[in-house]
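Visitor: I'm new to this one. Could you take me in for a close look at the nonpolar core?

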Amino acid sequence: MTDEVAPPPEDEHVDPFSLFSDQVRLAVRGLAFIGQLQKEVEYCGHTFTLKTLLPAEKAAVSIVVHPWRGTISEGEVWANAQVALALTSIDGDNEFCEKAGPDINEFAKARLNYATKSWYQPTLSLLYARYLELEQEALDGIRELQDLSERNLDPSPPSPGFSIDPGILDVLTDLDTQP
């Protein structure tokens with residue numbers, strides 16, 4: 001009679017996103033799958049959808065605000081331009097602003113023009129505050145993702161109930177010290 005060893009039970013699949021804290025799990029999922037985060041902001045009976053900006057969009061903001069550089073309005077125009085580009089829809093309408101062509105700088109200029117001629121500053125300021133929160137969520141998600149990947153560099157602790165015969169430990173130690 002042969003002693004057959006039963007195969008170990010298959011490891012349960014662990015959802016990698018369950019390793020993140022509740023505060024950033026959605027942010028990490030968004031960063032991992034679509035490269036951006038989106039958030040709906042309810043304000044005065046309207047729904048604004050904001051997204052994080054791509055680096056090219058942020059660069060376009062710096063080009064668009066150039067006429068205000070060095071003026072007292074520069075910071076406010078900078079914030080308004082970021083909001084204008086971060087908006088993906090208003091009340092479910094993603095065609096809320098006329099298309100300005102494929103050039104990203106012209107698109108940014110058209111969006112800034114639309115936002116600053118359609119809404120008063122308190123609305124734009126509220127949306128900018130929510131946009132900054134969204135950017136912070138993205139940064140928090142990236143930090144936690146980085147922390148998780150750095151933890152993976154360390155060997156994992158043995159599973160509960162796992163033990164190694166002390167004689168095997170001696171052999172393994174001897175292997176490490178041999179030339």
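**Inside the core**

Guide: Sure! Of the 179 residues in the protein chain, 28% count as buried. Keep in mind that this is a predicted model. To get your bearings, the chain has six helices and three strands, and along the sequence they run α-β-β-α-α-β-α-α-α.

Now for the core itself. In soluble globular proteins, nonpolar side chains tend to be buried together. Here, the largest nonpolar core has 29 residues, and the ones touching the most other members are Phe48, Leu50, Leu87, Ile90, Trp119 and Leu127. Two or more core residues come from each of these elements: strands β2 (46–51) and β3 (87–90), plus helices α2 (55–64), α3 (74–86), α4 (104–118) and α5 (121–151). Helix α3 gives the largest share, with six residues.

Let's zoom in on Leu127. Setting aside neighbours within four places in sequence, Leu127 is in contact with Val41, Phe48, Leu50, Val83 and Trp119. There's also a second, separate core of five residues, with Phe17, Phe20, Val24 and Val28 among them.

Stepping back to contacts in the whole chain, take those between residues at least 6 apart in sequence: 63% of them join residues at least 24 apart.

What about empty space? The structure holds one cavity of 30 Å³ or more, and the largest cavity has a volume of about 40 Å³. Its lining is made up of Asn94, Glu95, Phe96, Cys97, Glu98, Lys99, Phe107 and Arg111. By class, that lining has three nonpolar, one polar and four charged residues.

As for the outside, the chain exposes about 12700 Å², with carbon and sulfur atoms supplying 57% of it.

Conventions
Residues are numbered from 1 along each chain as its sequence is written. This is a predicted model: local features need pLDDT of at least 70, side-chain atom pairs count only at pLDDT 80 or more; totals for chains, interfaces and linings use all residues. Side-chain values use heavy atoms; hydrogens and water are left out. On a 1 Å grid over the protein atoms alone, a cavity is a set of points where a 1.4 Å probe fits but cannot get out, and a pocket is an open set with protein on both sides within 12 Å along at least five of seven lines; lining residues have an atom within 4 Å of a point. Grid points are joined across faces, edges and corners, and a volume is the space filled by probe spheres set on the points. Ala, Val, Leu, Ile, Met, Phe, Trp, Tyr, Cys and Pro count as nonpolar, Asp, Glu, Lys and Arg as charged, and the others, Gly among them, as polar. A nonpolar core is a set of buried Ala, Val, Leu, Ile, Met, Phe, Trp, Tyr and Cys residues joined through side-chain atoms within 4.5 Å. Buried means under 20% relative accessible area, exposed over 50%, partly exposed in between (1.4 Å probe, protein chains only). Helices (H or I, at least four residues) and strands (E, at least two) are DSSP runs, numbered from the N terminus. Contact means heavy atoms within 4.5 Å. Accessible areas come from the Shrake-Rupley method with a 1.4 Å probe; for residues, only the protein chains shown count as cover.
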